[in-house]
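I opened this model to look up its pockets, its cavities and a few helix pairs. My notes follow in the order I took them.

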Amino acid sequence: MKEPKFRALLPIGVFLVLYLGMGILFEYVLKISMGFYSIPIVVVFLIALFVACLQNKELSLDDKFQVMARGVGDKNIITMVLIFMVAGIFVGVVGRSSAESVAYFVLSFIPAQFAVLVLFVVSAFVSLAMGTSVGTITLIAPIAIAVANSTGFGIPLCIGSVVGGSMFGDNLSFISDTTIAACNGQGCAMKDKFRENIGIALPAALLTMAVIFVKTLGMEVGTPEIEEYNLIQIIPYILVLLGGAVGINVFIVLLIGIISGAVIMLSNGVVTPMEMLANMGGGVSGMFETSMVAILVAAICALIEEYGGFAALLNLIKKVFKGKKGGQLGMGLLVGAMDIATANNTVAIVMANPIAKEMAQDYGISSRKAASILDTFSCIFQGIIPYGAQMLVAVSVAAELGCVVSAFEIIPNLLYPYMLLLSSMIFVFLIPEKKAEQK
């Protein structure tokens, strides 16, 4: 482990001050309309990266480039960027009309009063099947916006329900990167982690559904105008959802959606071949900023780790929290701090794994409970932070569909992450751990 140095965390402080600080100042103090949304996040991350490069004088600039290359070349980062691009192509191919067709088709036989609840349940199911919250948001957010426009429910509420539901599957799915990282790092079987984890996530999901039901029950919802929709245009979504349900790889699922969508759109004369290519390019371009954020965060994270910033943070958490229950809370806050720093819950788990495993041994925490805590708390923080991939994708998808919405408008409507935090606290402090051999 590197020598702990708290000054190595300076780039994180610079980013938080510039991005969150200016966003709050513009939006809530100076009352600038969409002030937070107007802040160029890539520029802010570049400034933070520049600060990180100025530190650690023991390394030459070339050595620092090598460190950044290792961080950016991580499998999880490459996979995430590719998902962004492929999902962007899918959005470009199926277009807005397909999303509206899905929304109007569902609204034609489901009462509009339950539309938000349906969005949460569908997002939870899709993310559980596909194992990716980002992919789920990319697919379901356009539907949520169409539903909001049709029913009168607020766009932040609809998008917040989609983001919350997507984190349900991100936390539980067997094919989720977070599950794989947590189980491999703590040395437990996925089925054991799932059994431990479902006791936290399912009550949170049920409570979220109850809150959504109560919250929307008293709202005045106008009778939605069911416009003409083409059921054939829904086929790409159905194929994607069914593919995710049977556990097909997310890339294959999206490829099926792209091919089927292209064939349907072209054969029905919705677009010309040239327009289709332009739409594909536009879909990918819409994901450029999100992809650049993932790359820059990976580079910054690698430099901070090399300079001992994360080692200092891990040591502090280990010293502060005492006792078995305190150790579990400390483990959760540990991965939460990593997630705040990296904006990537899988990377956060990978970084927290070594010290968390040591903490589990010291505090007598079973490997399956440790894996469950790491995965759950990382998803709680990842689902809330305004600069995480999930939030950025949701906001960018809304912008592509002509709906400008701020992350701070969505955050109060992220009911599931808050319920998951409540359920986790009960799990840690009130539910006794089963007597089982640590595996």
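**Second largest pocket.** I began with the second largest pocket of this predicted model, which has a volume of about 470 Å³. I listed 27 residues in its lining, and those closest to its centre are Thr79, Ile83, Gly131, Thr132 and Asp177. I then looked up which elements give two or more residues to this lining, and found α4, α6, α8 (177-186), α11 (250-267), α16 and α18. The largest share comes from α4, with six residues. By class I noted eleven nonpolar, 13 polar and three charged residues in the lining of the second largest pocket.

**Largest pocket.** I went on to the largest pocket, which holds about 620 Å³ of space. It is lined by 33 residues, and I wrote down Cys301, Ala302, Glu305, Val347 and Met351 as the closest to its centre. Which elements each supply at least two residues of this lining? I found α3 (61-72), α4 (75-107), α13 (288-307), α14 (309-320), α16 (345-363) and α18 (389-400). Helix α13 gives the most to the lining of the largest pocket, namely nine residues. I sorted the lining of the largest pocket into 22 nonpolar, six polar and five charged residues.

I note that α4, α16 and α18 appear in the lists for both pockets.

**Cavities.** How many cavities of 30 Å³ or more does a search of the whole structure find? I have three. I followed up the largest cavity, with a volume of about 90 Å³. Its lining consists of Pro11, Ile12, Phe15, Phe45, Ala48, Val297, Ile300, Ile340, Ala341, Thr342, Ala343 and Tyr387. The elements that give two or more residues to this lining are α1 (10-29), α2 (41-54), α13 and α15 (324-342). I counted the lining of the largest cavity by class as eleven nonpolar, one polar and no charged residues. Helix α13 is thus in my notes twice, for the largest pocket and for the largest cavity.

**α6 and α7.** I turned to helix pairs. The axes of α6 (residues 133-151) and α7 (residues 155-172) come within 9 Å and cross at roughly 155 degrees. Angles over 145 degrees count as roughly antiparallel, and α6 and α7 are therefore roughly antiparallel to each other. I recorded their crossing as right-handed. On the α6 side the contact is made by Ser133, Thr136, Ile137, Ile140, Ala141, Ala144, Ile145, Ala148 and Asn149. On the α7 side I have Ile155, Cys158, Ile159, Val162, Val163, Ser166, Met167 and Asp170. The residues of this contact between α6 and α7 divide into twelve nonpolar, four polar and one charged.

**α7 and α9.** I stayed with α7 and looked up its pairing with α9 (residues 190-217). Their axes come within 9 Å and cross at roughly 165 degrees. I therefore entered α7 and α9 as roughly antiparallel to each other. Is the crossing of α7 and α9 left-handed or right-handed? I have it as left-handed. From α7, the contact uses Leu157, Ser161, Phe168, Asn171 and Leu172. From α9 it uses Lys193, Phe194, Asn197, Ile198, Ala201, Leu202, Ala205, Ile212, Lys215 and Thr216. By class I noted nine nonpolar, four polar and two charged residues for the contact of α7 with α9.

**α15 and α17.** My last pair was α15 with α17 (residues 367-382), whose axes come within 8 Å and cross at roughly 40 degrees. That angle makes α15 oblique to α17. The crossing of α15 and α17 is right-handed. In α15 I listed Gln328, Met331, Gly332, Leu333, Val335, Gly336, Asp339 and Ile340 as contact residues. They meet Lys369, Ala370, Ile373, Leu374, Phe377, Ser378, Phe381 and Gln382 in α17. I sorted the contact of α15 with α17 into nine nonpolar, five polar and two charged residues. Ile340 is in this contact and also in the lining of the largest cavity.

Note on methods: Residues numbered from 1 in each chain as written. Predicted model: local features only at pLDDT ≥ 70, side-chain atom pairs only at ≥ 80, totals over all residues. Heavy atoms only, no water. Axes fitted to C-alpha atoms, helices over the stretch in contact; angles between N-to-C directions. Helix = DSSP H or I, 4+ residues; strand = E, 2+ residues; numbered from the N terminus. Parallel < 35°, antiparallel > 145°, perpendicular 65-115°, else oblique. Left-handed = near helix turned anticlockwise from the far one by under 90°. Contact = heavy atoms within 4.5 Å. Nonpolar A, V, L, I, M, F, W, Y, C, P; charged D, E, K, R; others polar. 1 Å grid on protein atoms, 1.4 Å probe; cavity = no way out; pocket = protein on both sides within 12 Å on 5 of 7 lines; lining within 4 Å. Points joined across faces, edges and corners; volume = space filled by probe spheres on them.
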